[in-house]
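Visitor: Could you take me through this chain step by step, with the reasoning behind each answer?

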Amino acid sequence: MRPRHIALAVLVAALWGVNFVVIELGLDHFPPLLFSALRFLAAAVPAIFLLGRPSVAWKWVVGVGLVLGVGKFGLLFIGMDQGMPAGLSSLILQIQAVFTALFAALALSERPGRIRVAGMAVALAGIAVAAVDEGAGGPVLAFVLVVGAAACWGVSNVLTRRAAPKDALTFMVWVSAVPVLPLLSLSLLFEGPDRDAEALAALDWSGVGIILFVAWVSTVFGFGAWGFLLRQYPASSVAPFTLLVPVFGMSSAALVLGEDVSPLRWCAAALLVGGVALTSGVGLRTRTAAPLGSGRTGVPRPVEQDAGAAALLSSATASGLPAAADTRVRRPADPAAPPPPGASASRTPSTPTNPDPTRPGTPPAAAPRSPAAAE
């Protein structure tokens with residue numbers, strides 16, 4: 001990767017990590033479901049009027065929008081509102097790579113190899129260590145809600161892989177429009193119209209800035225830049241940068257929010273990041289993509305990778321982008337190399353022969369040249 005593209009990948013990972021701190025600050029202004037609805041509303045409007053229609057069937061847009069927007073972000077925001085720390089949330093969400101691999105094995109018959117199975121076991125061990133650490137001093141229900149959010153993320157990754165959108169940014173903008181009304185309805189039902197009205201009435205520039213950062217900087221810019229990188233380079237080169245997200249998330253939470261990171265939590269982080277790296281196939285050799293329409297499902301099959309690796313932080317980037325950058329280019333055959341077995345003997349030799357049969361010592365034009373004649 002070029003240095004400026006490496007810097008862009010690190011910047012996106014940093015923005016996505018810091019985004020958890022911004023979410024924590026936003027929960028001081030809004031109820032969680034209302035906050036999530038406003039986030040998706042700002043991400044969809046006005047971008048939805050500037051971009052064309054998505055290149056996939058509407059069932060995939062609605063399905064991903066409900067699972068990702070209502071399920072994943074709804075559970076995440078509620079979990080953080082119930083006391084789940086921002087830094088730990090950024091770490092626990094990475095278990096979505098394990099859920100993605102499991103759901104892909106069930107729905108897409110993508111059997112993980114031994115290394116990925118070992119990575120799942122290591123990542124689950126990290127979850128267990130984090131659960132012990134959080135259970136000793138934090139709300140267990142909030143922890144479970146964030147794990148549930150990671151599971152919903154895994155489902156949305158599989159749905160996006162099945163949909164295979166050609167334009168990740170357009171797809172993400174339309175997906176963002178889907179959960180707005182369901183989240184607003186759930187907010188009115190469970191959080192109450194009075195609480196929502198009070199939060200909107202107290203809206204200030206700080207609250208507006210938080211919504212714009214989460215919607216435009218983290219979602220629109222972040223996913224757009226990530227999609228650009230996936231178009232330029234193989235997913236196996238881009239995906240490892242997502243492992244920096246919990247690093248930035250935990251560090252920014254410690255600096256801005258004063259969250260304490262215990263030695264047990266650092267141990268959980270090491271296990272989770274290492275396990276996710278193995279589960280995501282980081283460092284594993286990839287296979288060349290099959291042509292469009294190949295396979296039993298009749299959908300484009302990108303270069304083999306875990307569906308959550310390329311989109312570890314967004315289902316919009318989960319193997320739905322064109323795999324042209326991933327396919328290997330065959331080098332042209334060496335003109336000096338001998339012809340393959342069974343090749344026709346009537347091919348013109350690389351060295352021209354004398355067409356005049358009257359000259360002595362000149363072999364016939366149709367006769368094959370011997371090694372001695374070439375010397």
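Visitor: How many helices and how many strands does the secondary structure of the chain come to?
Guide: This is a predicted model, and the answers that follow are computed from it. Of the 375 residues of the chain, 48% count as buried, and among contacts between residues at least 6 apart in sequence, 87% join residues at least 24 apart. The secondary structure comes to 17 helices and zero strands.

Visitor: At what angle do helix H4 and helix H10 pack, and how far apart are their axes?
Guide: Two packed helices are described by the angle between their axes and the distance between the axes. For H4 (residues 58-81) and H10 (residues 180-191), the crossing is right-handed. The angle is about 35°, and the axes are 9 Å apart.

Visitor: Which residues make the contact of H4 with H10, and how do they divide into nonpolar, polar and charged?
Guide: H4 contributes Leu66, Gly69 and Val70, while H10 contributes Pro182, Leu183 and Leu186. Since Gly is counted among the polar residues by the definition used, Gly69 of H4 has to be placed in that class. The residues of the contact therefore divide into five nonpolar, one polar and no charged.

Visitor: What span should the residues of H10 have, and how far apart are its end C-alpha atoms?
Guide: H10 has 12 residues, and at 1.5 Å a residue they should span 16 Å. The distance between the end C-alpha atoms of H10 agrees with that expectation, at 15 Å.

Visitor: Why do the buried residues of H10 line one face of the helix?
Guide: The buried residues of H10 are Val180, Leu183, Ser187 and Glu191. What covers them includes helix H2 (32-44), H4, helix H9 (168-177) and helix H11 (193-201), whereas the face turned away from the buried side carries the exposed residues Leu181 and Leu189. Seen down the axis of H10, the buried residues line one face because they fall within an arc of 70°.

Visitor: Is Ser187 buried or exposed, and with which residues is Ser187 in contact beyond its neighbours in sequence?
Guide: Ser187 has its place in helix H10, and with a relative accessibility of 0% it counts as buried. Leaving aside neighbours within four places in sequence, Ser187 is in contact with Leu33, Leu34, Gly192 and Asp196.

Visitor: Which residue just after H10 takes a positive phi, and which residue with a positive phi follows H4?
Guide: After H4 comes Gly83, whose positive phi is near 120°. Just after H10, a positive phi of about 90° is taken by Gly192.

Visitor: What is phi of Ala164?
Guide: Most residues other than glycine have a negative phi, and most peptide bonds are trans. Ala164 lies in the loop between helix H8 (140-163) and H9, and its relative accessibility of 14% is under the 20% cut-off, so Ala164 counts as buried. In this residue, which is other than glycine, phi is positive and near 50°.

Visitor: Which peptide bond is cis, with omega near 15°?
Guide: The bond in question leads to Pro46, a residue in the loop between H2 and helix H3 (47-50). With omega near 15°, the cis peptide bond runs from Val45 to Pro46.

Visitor: What separation do the C-alpha atoms of Gly249 and Ala13 have?
Guide: Gly249 lies in helix H14 (residues 245-257) and, at 0% relative accessibility, counts as buried. Not counting residues up to four places away in sequence, Gly249 touches Gly17, Val21, Gly87 and Ser90. Although Gly249 and Ala13 are 236 residues apart along the chain, their C-alpha atoms are separated by 9.2 Å.

Visitor: Which residues does Leu264 touch beyond its neighbours in sequence?
Guide: Leu264 lies in helix H15 and has a relative accessible area of 37%, so Leu264 is partly exposed. From C-alpha to C-alpha, Leu264 and Gly126 are 9.8 Å apart in space, with their positions 138 residues apart in sequence. Not counting residues up to four places away in sequence, Leu264 touches Val129, Val132 and Asp133.

Definitions and conventions
Residues are numbered from 1 along each chain as its sequence is written. This is a predicted model: local features need pLDDT of at least 70, side-chain atom pairs count only at pLDDT 80 or more; totals for chains, interfaces and linings use all residues. Side-chain values use heavy atoms; hydrogens and water are left out. Axes are lines fitted to C-alpha atoms, for helices over the stretch in contact, and angles run from 0 to 180 degrees between N-to-C directions. Helices (H or I, at least four residues) and strands (E, at least two) are DSSP runs, numbered from the N terminus. A crossing is left-handed if the near helix is turned anticlockwise from the far one by less than a right angle, and right-handed if clockwise. Contact means heavy atoms within 4.5 Å. The expected span of a helix is 1.5 Å times one less than its number of residues. Buried means under 20% relative accessible area, exposed over 50%, partly exposed in between (1.4 Å probe, protein chains only). The arc is that of the directions from the helix axis to the C-beta atoms.
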